[in-house]
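This briefing is meant to be read beside the sequence and the three-dimensional view. Its topics are internal cavities, open pockets and strand pairing.

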Amino acid sequence: MAKTPILFLGATGYIGGSVLSRLLSHPSRDDFDITALVRSPEKGKKLEGFGVKPAIGSLKDIPLIEQLAQNAHIVFSTADADDLDAITALLAGLKKRHATTNDIPILIHTSGTGLLTAGDAATKGLGISERIYRDDNPDDIESIPPTAFHRNVDLAIIQADKEGYLRSYIIAPGVIWGIAKNQLVEAGISNNFTKGIHWLIQASIARGQAGIVGKGQALWPCVNVEEQGDLFIILYDAIISSPGAVGHGRDGFYFGESGEFLWYDLATSIGKALVKRGISKSDEPASFTDEELAKYFGSKEFGEIFGTNSRAQGPHARSLGWKPKLIAQDFLNNIDADVELATKKQQA
């Protein structure tokens with residue numbers, strides 16, 4: 001019996017490593033023929049030790065991505081939620097596969113709830129939005145403007161599903177937290193921490209005080225990295241076992257969320273960790289100036305994301321049988337470990 005060809009994008013990343021490690025221990029592992037796109041020949045060699053075929057290249061290698069996609073029945077896309085060129089190449093390859101084999105490939109793509117911040121930039125940490133999006137309401141999702149973060153990529157994927165040459169499933173996590181622990185992290189292949197929160201932590205360390213945008217009065221969803229990894233596999237299993245029962249395309253949106261946190265509370269947790277290490281004299285966060293936002297986050301506009309609202313509920317994801325247990329308070333309780341990791345990386 002032929003093995004299922006799987007293409008994996010993002011194997012060395014925080015999310016991707018968590019998902020790929022689960023595929024490697026999946027009950028059907030022996031039936032998988034996994035190829036992973038990786039930039040590093042060294043990491044590619046390590047992946048071979050796990051029975052994964054490395055394809056050395058990056059998302060900029062458009063012909064390679066198209067070729068790899070043409071040979072894949074399943075694609076896990078966890079590398080970049082905003083690279084439209086790479087996704088266009090991926091879709092072109094999957095379309096060729098369908099045209100030449102009549103196969104209908106499956107694309108599981110990673111987006112993010114940054115989608116939901118469109119139109120909220122003016123908040124700047126000064127107020128909680130009442131607008132909450134649900135992943136079981138396609139009209140809700142379709143109301144997201146095409147100019148939103150990640151949206152151009154998501155819309156291209158949904159259009160491909162509409163054209164019928166693939167089935168698409170989009171997972172949009174909130175802030176993913178926790179220090180990843182799996183075989184790929186241990187092997188030095190995958191990243192073990194979240195970049196988003198570490199930007200905020202590193203900025204707070206550099207200024208010697210926890211920082212917030214405005215008053216930190218805005219909400220985002222969060223989800224633990226291990227439970228987020230579980231959602232990908234639960235979705236995959238549901239697609240394989242009951243494809244007709246799992247929403248795809250317009251109906252194939254799944255939020256990864258397990259509660260909401262207030263930016264002010266996150267900053268206060270960072271502040272406590274800084275006081276504990278003698279980095280700050282107060283755990284009370286202070287507002288970033290426009291100059292600091294540009295300095296620490298690359299631009300004032302990007303830094304202001306840390307003061308936006310992104311409110312999501314995931315009943316569609318839970319309908320698959322996903323049951324996350326860790327909540328926002330667990331996230332805040334874990335910040336001390338993230339600060340410890342950040343300080344060690346700065347000292348290295």
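Which helix supplies the largest share of the lining of the largest cavity? Helix α4 (residues 84–101) does, with 3 residues. The model discussed here is a predicted one. The points below begin with the enclosed spaces, continue with the pockets and end with the strands.

**Cavities**

- The structure holds 2 cavities of 30 Å³ or more.
- A volume of about 50 Å³ is found for the largest cavity.
- The lining of this largest cavity consists of L9, L59, I65, S77, A79, D80, D83, A86, I87 and L90; by class, 7 are nonpolar, 1 is polar and 2 are charged.
- The second largest cavity has a volume of about 30 Å³, and the residues around it are L200, G211, I212, V213, W263, A267 and F306.
- At least two residues of the lining of the second largest cavity come from β9 (211–212), and at least two from α10.
- No charged residues occur in the lining of the second largest cavity, which has 6 nonpolar residues and 1 polar residue.

**Largest pocket**

- The largest pocket has a volume of about 1500 Å³.
- Its lining comprises 46 residues, and those nearest the centre are I15, A79, A81, K195 and W199.
- Two or more lining residues are given by each of α1 (14–24), β2 (32–38), β8 and α8 (195–207).
- Among the contributors to this lining, α8 gives the most, with 4 residues.
- The lining of the largest pocket divides by class into 21 nonpolar, 18 polar and 7 charged residues.
- A79 belongs to the lining of the largest cavity and also lies among the residues nearest the centre of the largest pocket.

**Second largest pocket**

- The second largest pocket contains about 310 Å³ of space.
- Of the 19 residues that line this pocket, T4, H73, I74, Y236 and I240 lie nearest its centre.
- The elements giving two or more residues to this lining are β7 (167–173) and α9 (225–241); the largest share, 4 residues, comes from α9.
- By class, this lining has 11 nonpolar, 4 polar and 4 charged residues.

**Strand β7 and its partners**

- In β7, 6 of the 7 residues are buried, so this strand is largely enclosed by the rest of the structure.
- Strand β5 (residues 106–110) runs parallel to β7 and is joined to it by 5 bridges; within this pair, I106 stands opposite R167.
- Strand β11 (residues 253–256) also runs parallel to β7, with 4 bridges between them; here I171 of β7 stands opposite Y254.

**The three-stranded sheet**

- An open sheet of 3 strands with mixed pairing follows the order β8-β10-β12.
- Because β8 (175–177) and β12 (260–262) each have a single partner strand, they stand at the edges, and one side of each is left without a neighbour in the sheet.
- On average, neighbouring strands of this sheet are turned by 45° against each other, direction ignored.
- Strand β10 (residues 219–224) runs antiparallel to β12, and 3 bridges join the two; L219 has L262 of β12 as its bridge partner.
- Helix α10 (residues 263–276) packs on this sheet and touches both β10 and β12; the direction of α10 makes about 70° with that of β12.

Terms used. Residues are numbered from 1 along each chain as its sequence is written. This is a predicted model: local features need pLDDT of at least 70, side-chain atom pairs count only at pLDDT 80 or more; totals for chains, interfaces and linings use all residues. Side-chain values use heavy atoms; hydrogens and water are left out. Two strands pair if DSSP finds at least two bridges between them. Axes are lines fitted to C-alpha atoms, for helices over the stretch in contact, and angles run from 0 to 180 degrees between N-to-C directions. Contact means heavy atoms within 4.5 Å. On a 1 Å grid over the protein atoms alone, a cavity is a set of points where a 1.4 Å probe fits but cannot get out, and a pocket is an open set with protein on both sides within 12 Å along at least five of seven lines; lining residues have an atom within 4 Å of a point. Grid points are joined across faces, edges and corners, and a volume is the space filled by probe spheres set on the points. Ala, Val, Leu, Ile, Met, Phe, Trp, Tyr, Cys and Pro count as nonpolar, Asp, Glu, Lys and Arg as charged, and the others, Gly among them, as polar. Buried means under 20% relative accessible area, exposed over 50%, partly exposed in between (1.4 Å probe, protein chains only).
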